[in-house]
Amino acid sequence: MIKPIAETHAHLSLDSVNYNTAIRRHLANPCEEHIRSALESYSNAGVTYLRDGGDHLGVALRAREISGEYGIKIVCPAFPIHRKGYYGSILGRAYDSLASYRVLVAEAKKQGADFIKLFASGLLDFSVYGRIMQQGPMEDDEAKEMVKIAHGEGLSVMAHANGGERAAMLIQAGIDSIEHGYYLGKDTLDLLAGSNCCWVPTLAPVGNIIDSGAFEKSVLEKIYYGQLEAVAYGIEEGAIIAPGSDAGAYLVSHGSGIADEWAHLSNTGVDHAALENCLCEGEKFIIENFKRK
């Protein structure tokens with residue numbers, strides 16, 4: 001496999017150990033020591049482009065300010081946006097209507113957002129296969145309007161989204177990238193392959209913890225191998241797929257996480273040349289589309 005140069009999904013505010021401790025580290029001010037240590041790890045790994053998911057603590061924005069010292073270009077959404085009462089509060093800011101969402105998009109742009117990030121679904125439940133926790137409501141018209149508002153401000157949109165129905169709704173709404181995207185059936189993958197939406201399937205957060213003992217191994221394996229099958233099918237059908245590790249998540253380290261992701265992606269069984277070509281094209285798509293217009 002080629003040496004990764006782009007990490008398309010990371011969380012510099014997190015530390016791959018404990019998210020509560022990580023967040024507390026930045027409550028007063030973004031922790032410079034942590035940020036610089038992470039950037040040094042990326043630099044040592046040869047990463048020159050990083051797309052961060054943002055946070056309401058200013059960590060990603062501060063990292064972007066100093067990233068040139070490490071030879072890295074960082075893009076971020078300032079802060080992610082989530083529906084009030086549902087998943088996303090640890091890093092994001094909440095909306096409860098399209099009007100409040102519009103205000104948050106304007107605020108993110110004012111802070112220098114390169115794009116908008118939505119928490120459009122919940123987390124995977126690692127104890128029960130197929131269950132998505134805190135899956136907030138979203139209607140077709142709402143999804144379309146949210147994407148339209150962001151695009152109207154010249155900002156692409158990435159969405160944390162699990163589950164085929166939710167992902168399909170977002171793809172049809174014109175979303176620019178689906179992050180994670182677990183439990184996508186063939187109908188959704190066909191829709192993805194026929195769209196101009198990129199998928200970042202983040203295998204490392206599951207693959208890296210299978211043998212950790214932290215969760216039920218049989219459930220993790222079922223999730224992991226199901227995602228591998230989905231990625232293989234997506235590549236076969238011509239979907240745009242980019243490598244992003246979700247670095248900062250539990251046991252997914254900054255710097256080395258993207259190498260882990262490429263290693264997991266190599267387990268799809270797809271011919272290596274075809275896999276590399278797909279992922280490199282996905283990297284290019286992210287780099288070219290996730291910047292202010």
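In this predicted model, strand β4 (residues 81-83) and strand β6 (residues 116-119) run parallel and are joined by 2 bridges. Within this pair, Ile81 has Leu118 of β6 standing opposite. Helix α4 (residues 98-110) packs on the sheet here, where β4, β5 and β6 are the strands that α4 touches. The direction of α4 makes about 145 degrees with that of β5.

Stepping back from this pair, one finds β4 and β6 within an open sheet of 7 strands, whose pairing is parallel. Reading across the sheet, the order is β5-β4-β6-β9-β10-β11-β12. The two edges are held by β5 (93-95) and β12 (240-241). Each of these has a single partner strand, so one side of β5 and one side of β12 are left without a neighbour in the sheet.

A second open sheet contains 3 strands, again with parallel pairing, and follows the order β1-β2-β3. Its edge strands are β1 (6-10) and β3 (73-75), each of which pairs on one side only. On average, neighbouring strands of this sheet are turned by 15 degrees against each other, direction ignored. The pairing of β1 with strand β2 (residues 49-52) is parallel and extends over 3 bridges. For a reader who would like a landmark in the structure, Glu7 has Leu50 in β2 as its bridge partner.

Turning to the helices, three packed pairs can be followed in order, beginning with α5 and α6. The axes of helix α5 (residues 140-152) and helix α6 (residues 164-173) come within 8 Å and cross at roughly 50 degrees. An angle of this size falls outside the classes for roughly parallel, roughly antiparallel and roughly perpendicular pairs, and α5 and α6 are therefore oblique to each other. Their crossing is right-handed. On the α5 side the contact is made by Asp140, Ala143, Lys144 and Val147, and on the α6 side by Met169, Leu170, Gln172 and Ala173. Sorted by class, the contact of α5 with α6 comprises 5 nonpolar, 1 polar and 2 charged residues.

Helix α6 also packs against α7, at an angle of about 20 degrees and with the axes 9 Å apart. Angles under 35 degrees count as roughly parallel, and α6 and α7 are therefore placed in that class. The crossing of α6 and α7 is left-handed. Here Gly164, Ala167, Ala168, Ile171 and Gln172 of α6 meet Thr188, Leu191 and Leu192 of α7. The residues of this contact divide into 5 nonpolar, 3 polar and no charged. Gln172 of α6 thus appears in the contact with α5 and again in the contact with α7.

The third pair brings together helix α7 (residues 186-193) and helix α9 (residues 217-237), which pack at an angle of about 40 degrees with their axes 9 Å apart. α7 and α9 are therefore oblique to each other, and their crossing is right-handed. From α7, the contact draws on Lys186, Leu189, Asp190 and Ala193, while α9 supplies Ala230, Tyr233 and Glu237. By class, the contact of α7 with α9 holds 4 nonpolar, no polar and 3 charged residues.

These sheets and helix pairs belong to a protein with 11 helices and 12 strands. Along its principal axes, the C-alpha trace spans about 45 × 45 × 35 Å. The overall dimensions can also be set against a simple expectation: for 293 residues, a compact globule would have a radius of gyration near 19 Å, and the 17 Å of the protein agrees with this.

How values were computed: Residues are numbered from 1 along each chain as its sequence is written. This is a predicted model: local features need pLDDT of at least 70, side-chain atom pairs count only at pLDDT 80 or more; totals for chains, interfaces and linings use all residues. Side-chain values use heavy atoms; hydrogens and water are left out. Two strands pair if DSSP finds at least two bridges between them. Helices (H or I, at least four residues) and strands (E, at least two) are DSSP runs, numbered from the N terminus. Axes are lines fitted to C-alpha atoms, for helices over the stretch in contact, and angles run from 0 to 180 degrees between N-to-C directions. Angles under 35 degrees count as roughly parallel, over 145 as roughly antiparallel, 65 to 115 as roughly perpendicular and the rest as oblique. A crossing is left-handed if the near helix is turned anticlockwise from the far one by less than a right angle, and right-handed if clockwise. Contact means heavy atoms within 4.5 Å. Ala, Val, Leu, Ile, Met, Phe, Trp, Tyr, Cys and Pro count as nonpolar, Asp, Glu, Lys and Arg as charged, and the others, Gly among them, as polar. The radius of gyration is taken over C-alpha atoms; the globule rule is 2.2 Å times the number of residues to the power 0.38.
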